[in-house]
Amino acid sequence: MSKIRVSLLGSTGVVGQKMVRILEDHPYIELVKVSASEKNKGKKYGDAVKWVENSKIPEKIVDMELVSTAPSDHKDVDFVLSALPSEVAEGIETRLVSSGINVISNASPLRMKSDIPLINPEINYEHLYMLEDKEVKYVKNPNCTTTIMSMPLFDIINLDYERIYLTTMQAVSGAGFSGLPYMAINNNIIPYINGEEEKIPAEISKIFGYRSNDRIINRNIKMSVTTLRVPVAVDHAGVMYINMKNFDLDNFVRNVNRFKPLSKFNGLTMAPERPIVLHEKNDEPQVHDVSGMEIHIGRLSYNDNILRMYILGDNLIRGAAGITVLTLELMHAMKLDN
Ligand SMILES: NC(=O)c1ccc[n+]([C@@H]2O[C@H](COP(=O)([O-])OP(=O)(O)OC[C@H]3O[C@@H](n4cnc5c(N)ncnc54)[C@H](OP(=O)(O)O)[C@@H]3O)[C@@H](O)[C@H]2O)c1
């Protein structure tokens, strides 16, 4: 079988580097091109990148020459994976798509457009079928916090709840390489992340939305969100309260343990065996135990008609690089990759 050839935009950023590492030994996806900003075009990847992964830069990539984002540089790949900053992503990605190039993107512009699927694979992989008749495939990943916090709602969203209240504690890496100066976050908590409190409920309403041919109709979501930046390198945490009557906590736990919607597909190297891992000890899960594609839940309780849970996930793998690769693997398994 010939491999799926991909190029990577934003390859020198924190998400891009994670993607380089994930794709290093991938059995059927091959990273054949890397791109960064104009200032680094033509340089070798190893000379331009400030590598922060705790492994060596893959040998095949270290001497690869960085190319531009122009469609002419990506004509010969099957998919472009984009880890571009939001400020520049829309123009670059739409130029690629109009030139007939498939794109899977981490950047926020156009996430809410009804004819572009916004995919958190275990929750709504079926939305990908809206691309069946499209010659060029353009797919968005949700915001990293949305990806993590939407997972445990897979069941609850269909219940008669009153309102979901979420407070997040988000890692510094969520802001990218140049996001936050050390002096601003060291020994500090910043009580606001620009744009995040609107994005999370909006994106959740689309992820749990209904497909009508080639469009998504958003679901009505009742949710209030507060987002905080905390001095943690990787992993986003959240405390969620949901008020609802007659909630069956034991049944929820059973459903979480049975939740394996992607197990019907073969060859998904990025799909975790158990997408949601439940912790019973009061002091679990903790940041140093959590890395990868699983979402972790702890502090589960239901008292006075209020469900409470603590949610923790890896913003760089689950929230970005990992689901980009999982989405491409799924599209391959669903025969949507050509
Ligand atoms: N960090 C997270 O946890 C996370 C999670 C989910 C989604 N996202 C989204 O993923 C995207 C990438 O985030 P990040 O955290 O990896 O950002 P980052 O660390 O700031 O990296 C940005 C990358 O884009 C390149 N770039 C910058 N300006 C460019 C331009 N005008 N043209 C072409 N390339 C350009 C940079 O190349 P140079 O090295 O040459 O400057 C670098 O490779 C963003 O849209 C972000 O919102 C991030």
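**A bent helix and the core around it**

Just past the end of helix α11, Lys335 adopts a positive phi of about 60 degrees. That is a handy place to start in this predicted model, and from there we can step back into the helix itself.

Helix α11 covers residues 317-333. If it were straight, its 17 residues would span 24 Å at 1.5 Å a residue, yet the C-alpha atoms at its ends are only 21 Å apart. Look at Ile323 and you will find a bend of about 50 degrees in α11. The helix is also mostly covered, with 15 of its 17 residues buried.

What does α11 pack into? In general, nonpolar side chains in soluble globular proteins tend to be buried together. Here, the largest nonpolar core has 77 residues, and the members touching the most others are Leu8, Met19, Ile311, Ala321 and Val325. Helix α11 is the biggest contributor to this core, giving nine residues. Domain 1 (4-143 + 320-333) and domain 2 (144-314) each supply residues too, so the core lies between them.

Leu8 is a good residue to zoom in on. Setting aside neighbours within four places in sequence, Leu8 is in contact with Gly16, Met19, Val20, Leu31, Val34, Ser35, Leu81 and Ala83. One of these partners, Met19, is itself among the core members that touch the most others.

For a contrast, turn to Ser212, which sits in strand β7 (residues 210-212). Ser212 counts as exposed because it has 10 C-beta neighbours inside 10 Å, and 12 or fewer is the cut-off for that label. Follow the chain 13 residues from Ser212 to Val225, and the two C-alpha atoms are separated by 28 Å.

Methods. Residues are numbered from 1 along each chain as its sequence is written. This is a predicted model: local features need pLDDT of at least 70, side-chain atom pairs count only at pLDDT 80 or more; totals for chains, interfaces and linings use all residues. A nonpolar core is a set of buried Ala, Val, Leu, Ile, Met, Phe, Trp, Tyr and Cys residues joined through C-beta atoms within 7 Å. A residue is buried if 20 or more other C-beta atoms lie within 10 Å of its own, exposed if 12 or fewer, and partly exposed in between; C-beta atoms are placed from the backbone. Helices (H or I, at least four residues) and strands (E, at least two) are DSSP runs, numbered from the N terminus. Domain bounds come from an automatic or database domain assignment. Two residues are in contact if their C-beta atoms, placed from the backbone, lie within 7 Å. The expected span of a helix is 1.5 Å times one less than its number of residues. The bend at a residue is the angle between axes fitted to the seven residues ending there and the seven starting there.
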